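Okay, thanks everyone, let me put this one up on the screen. I'll start with a hairpin, then go through a few loops and finish on the surface.

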Amino acid sequence: MQYKFQAIEKKWQDYWRKNETYKVSKDTSKEKYYVLDMFPYPSGAGLHVGHPLGYIASDIFARYKRSKGFNVLHPMGYDSFGLPTEQYAIQTGIHPATATKQNIDRYRNQLDQIGFSYDWSREIQTSDPNYYKWTQWIFKQLFDSYYCIERDKAIQISALISDFEKTGNTKTNAACDDSIPQFSASDWKNFSKEEQEKILLNYRLAFLSETWVNWCEELGTVLANDEIKEGLSERGGHPVEQKLMQQWSLRITAYADRLISGLETIEWSESIKDIQKNWIGKSKGVSIFFNLENFNNKIDVFTTRPDTIFGVNFIVLSPEHPLVDQLTMPSQKSNVVEYINKAKLKSERDREIDKSVTGVFTGSFAIHPFTGKKVAIWIGEYVLAAYGTGAVMAVPSGDQRDWNFANHFGIKILNIFKDIDVSENAYEDKNASITNSDFLNGLSVKKAINLAIYKIEEGGLGKGKINYRLRDAVFSRQRYWGEPFPVFYKGNVPYILDDNKNVMLPPVDKYLPTSSGKPPLARAKKKDWNVYEGDRMETNIMPGWAGSSWYFLRYMDANNDEEFCAKENSDYWGQVDLYIGGAEHAVGHLLYSRFWTKFLFDRGFISFDEPFKKMINQGMILGRSSFVYRVKDSNTFVSFDKRKSYETTRLYVDISFVENDILDIEAFRNWRAEYCDAEFVFSDDGKYLCGHEVEKMSKSKYNVQTPDDLVEDFGADTLRLYEMFLGPLEQFKPWDVKGINGVHNFLRKFWRLVHDSENNFSISEEKPSKENYKTLHKTIKKVEEEIERHSFNTVVSTFMICVNELTDQKCNNREIISGFTVVLSSYAPHISEEIWQKLGNKTSVTSASFPNFNSSYLIEDEITYPVSFNGKTRFTIALPFEMTKDEVEIEIMKHEKTLHYLKGKLPKKVIVVPKRIVNIVI
RNA sequence: GCGGGUGUGGCGGAAUUGGUAGACGUGCUAGACUUAGGAUCUAGUGCCGCAAGGCGUGGGGGUUCGAGUCCCUUCACCCGCACCA
């Protein structure tokens with residue numbers, strides 16, 4: 001073996017470490033570029049080949065940008081708070097910090113092996129007290145802020161307090177809970193301190209409130225909507241139920257509109273933008289008040305179709321609606337109570353699966369705002385408490401859900417659509433004209449909507465309103481391994497610690513809830529807390545996404561003890577120019593970090609309001625599982641091609657025992673005791689052939705391919721090239737080791753190009769030929785273009801073509817090899833450093849400039865014209881470059897092959913596109 | 001149901017604005033060379049056909065001198081959301 005990659009890679013990794021090659025600092029003389037990976041959660045399983053895919057792409061891009069003269073920030077760290085480590089702690093008693101450190105060390109080893117250009121002096125860990133004290137600091141700022149709707153930004157709460165002192169809240173236009181009563185300046189002054197605090201809580205961006213939350217009993221904590229998939233917890237797949245609890249929340253809803261409009265300023269995939277838009281779920285409509293027949297208060301309903309107001313047959317409240325109690329007539333009491341209790345017991349999951357129509361009549365009536373007629377008030381599960389006002393005006397002729405409800409309970413349906421039959425289905429399209437609707441008669445839907453809104457607002461019957469599906473983000477978790485809150489209580493009123501005080505996670509005897517069901521932190525005794533104020537400390541912790549919502553800022557100033565990030569640093573490094581990570585964070589991390597960024601921007605701590613300017617979502621690398629086939633009730637395994645003659649059970653086999661689908665019998669027998677005397681029915685060639693399938697990599701499928709083995713066998717440069725060579729970055733693709741040899745051979749071929757048969761470095765000082773230059777410059781151009789448009793896979797082919805051509809040309813000219821080495825270095829940094837050094841350079845190839853493309857080398861003497869007949873290419877012909885259109889036509893028409901394909905006919909038309917193609921129409 | 005995405009050889013994939021479909025790599029078939037290697041080199045390899053020729057980018061239709069690429073329609077698979085009023 002001539003190309004000793006193991007020694008070379010070790011040598012350069014040591015060199016980079018010793019020389020701090022990848023350390024960067026602010027340098028205003030250079031243009032900055034910020035390339036960021038989504039930082040990993042350090043799990044116990046280590047990295048598999050799927051993880052580094054995005055890291056390799058971003059590393060290539062970072063190295064490339066550096067060679068183009070940019071000052072590149074390319075950091076890495078760990079999202080090290082989280083559930084799995086805590087679950088492990090519960091099982092083993094090992095402190096999560098200890099397990100986290102082990103896992104991080106393992107990750108670091110794996111990452112170092114791959115030769116990344118991270119500036120490790122900026123490493124961060126979200127579970128490090130020096131990091132999370134700044135997460136707590138941001139929470140303090142959120143607590144200390146409210147959202148001013150007029151100025152459309154977050155403002156310090158002191159401004160609101162001074163408003164209250166002057167005018168009470170009568171003129172206040174701020175995002176808050178709807179239920180706040182009005183008070184005057186003198187009311188405010190007369191409130192006790194505690195009462196004032198409680199009122200302010202309704203305005204703060206971080207606030208404590210009693211809300212319906214998703215409670216997961218199995219995990220012992222509440223979960224955010226984005227942590228639930230198909231009604232089950234994302235982690236572990238446990239059932240989730242609705243529970244009313246006092247929780248910290250963040251008022252993300254105040255930012256709903258900006259979170260939508262901001263999407264227009266960033267380069268993300270349409271699908272992620274759409275997912276976020278749908279998640280926020282903006283809808284324009286109108287809120288309409290229905291007076292009640294026997295009561296003084298009103299029911300507020302939200303609708304996007306005010307044009308259907310005359311089609312209202314009844315009103316439906318959600319079972320959790322606050323007026324349910326009041327409106328339930330004694331005669332209906334038992335029915336309603338029974339119905340509501342049943343609804344309460346249903347989990348998210350149950351509600352999702354069971355879509356049958358259910359409901360109950362309250363016995364009360366509302367008054368239609370225009371007709372004055374009585375409208376029955378029902379309760380129905382299909383109305384969600386959390387959306388809109390938790391009440392709907394039911395228009396069965398225009399809404400299928402209302403139609404189903406009416407149909408089920410035998411309610412007569414009012415039709416308000418001209419010439420439309422609603423006896424079988426509701427009419428949900430917007431193409432009909434309205435009828436039976438007083439002043440709306442004869443209007444199109446669009447016109448009717450506008451007129452209805454006008455009439456409703458004019459009559460004081462309601463108000464135009466924008467509704468969002470997005471809920472405020474529940475920010476408490478009843479667990480141990482997360483950021484503690486910088487919060488203490490006096491009585492039931494929460495207070496924030498002073499700016500210079502931060503809470504460290506206190507030690508606890510067990511990582512489990514207390515016997516009274518309080519979170520694990522409640523186990524800590526007073527002396528265990530580094531800070532203890534008031535009557536008690538907050539015992540909830542922050543959710544997993546707290547630390548990851550701002551980490552990209554900390555990298556800019558990772559070791560600052562005075563601030564979370566000095567403004568001069570965030571002003572210099574600015575937005576993340578390229579963010580690479582998985583699409584699975586579409587609504588969690590990516591929405592929350594946008595929210596925090598906007599907040600920090602509002603408060604003047606940073607100067608930009610979107611964190612990630614451009615994002616690429618890498619696709620998953622799927623595993624290739626292997627199978628053996630055991631004959632039923634025996635210890636005999638039959639080869640894949642013969643399995644059909646037997647009744648067999650398919651069993652996973654560890655892919656490390658399988659090469660090219662051939663099973664290593666010895667390794668298999670040694671795998672498990674039960675297989676040690678296994679018998680085999682072989683294929684005709686005497687080998688055992690395994691079956692295979694492409695699926696997600698997982699431990700239980702024994703199909704996990706770690707980068708470690710590959711780095712050992714082929715080297716990091718090969719792994720880097722191969723991961724890129726697999727296919728487009730964004731696409732899902734199966735992992736298949738077979739192709740790795742090809743990429744490895746390419747590096748060997750490059751090595752051979754500049755070494756003689758004795759493995760001595762050998763380079764020619766001659767002036768390169770025209771052909772040599774052409775090959776190099778073609779490569780420079782293509783590599784540059786492809787990297788710029790993030791087409792990382794095609795670049796590898798370009799390298800291969802270049803080395804193939806140079807080999808054919810027997811070209812080892814210094815000038816050409818030097819140029820190619822720099823071009824290659826972002827993909828294969830180790831071998832490039834080695835060759836670069838052998839070329840006599842004293843500094844690292846990472847400081848070399850990307851070669852300039854010179855188009856003059858690409859000018860051709862001849863053009864090879866494909867000649868087609870009726871669009872089908874038949875032959876090619878080389879003609880001088882400068883030949884004109886007419887000359888080409890003449891030349892082609894007298895060619896013998898043309899005559900052959902014309903078969904004596906006259907061409908109807910001859911199309912000549914100079915320098916490209918000739919097409920003859922017969 | 002709504003929104004987004006993907007369909008190209010045995011396999012991974014290439015084809016930037018419509019202009020030689022299958023680059024590059026694997027795999028396969030022959031052969032050469034050896035201090036038998038995960039080596040190197042040569043030739044072949046989309047499908048049908050001895051050939052001439054025909055057919056080919058999920059299917060059908062269209063625009064065009066020319067369509068993987070543009071338009072219409074349809075199918076399959078993947079992802080997200082899903083009683084959102």
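For what comes next, buried means under 20% relative accessible area, exposed means over 50%, and partly exposed is in between. And keep in mind that this is a predicted model.

So, the hairpin. In a regular strand, side chains alternate between the two faces of the sheet. You can see that in strand E3, residues 145–148: Ser 145 and Tyr 147 point one way, Tyr 146 and Cys 148 the other way, and all of them are buried. What does E3 run antiparallel to? That's strand E4, residues 153–156, and 4 bridges join the two. Cys 148 stands opposite Lys 153 in E4. There are 4 residues between the strands of this hairpin, and Asp 152 takes a positive phi near 55° there.

Staying with positive phi, we have Glu 20, with a value near 45°, and that's not a glycine. You'll find Glu 20 in the loop between helix H1 (5–19) and strand E1 (32–37). Then there's Asp 438, again not a glycine, with a positive phi of about 50°. Asp 438 is in the loop between helices H14 (400–408) and H15 (445–458). It counts as exposed because its relative accessibility is 53%.

Last stop, the surface. Lys 872, Arg 874, Lys 903, Lys 905 and Lys 908 form a positive patch. Lys 905 is in the loop between helix H29 (896–902) and strand E33 (909–913). E33 also holds Ile 911, which joins Val 913 and Ile 917 in a nonpolar surface patch, together about 190 Å² of accessible area. Ile 911 counts as partly exposed because it sits at 33% relative accessibility.

Conventions. Residues are numbered from 1 along each chain as its sequence is written. Chains are lettered from A and ligands numbered from 1 in the order in which they are written. This is a predicted model: local features need pLDDT of at least 70, side-chain atom pairs count only at pLDDT 80 or more; totals for chains, interfaces and linings use all residues. Side-chain values use heavy atoms; hydrogens and water are left out. Patches are made of residues with over 30% relative accessible area and no salt bridge: like charges are joined within 9 Å, nonpolar side chains (Val, Leu, Ile, Met, Phe, Trp, Tyr) within 5 Å. Accessible areas come from the Shrake-Rupley method with a 1.4 Å probe; for residues, only the protein chains shown count as cover. A salt bridge is a side-chain nitrogen of Lys or Arg within 4 Å of a carboxyl oxygen of Asp or Glu. Lys and Arg count as positive and Asp and Glu as negative; His and the chain ends are not counted. The place of a charge is taken as NZ of Lys, CZ of Arg, CG of Asp or CD of Glu. Buried means under 20% relative accessible area, exposed over 50%, partly exposed in between (1.4 Å probe, protein chains only). Two strands pair if DSSP finds at least two bridges between them.
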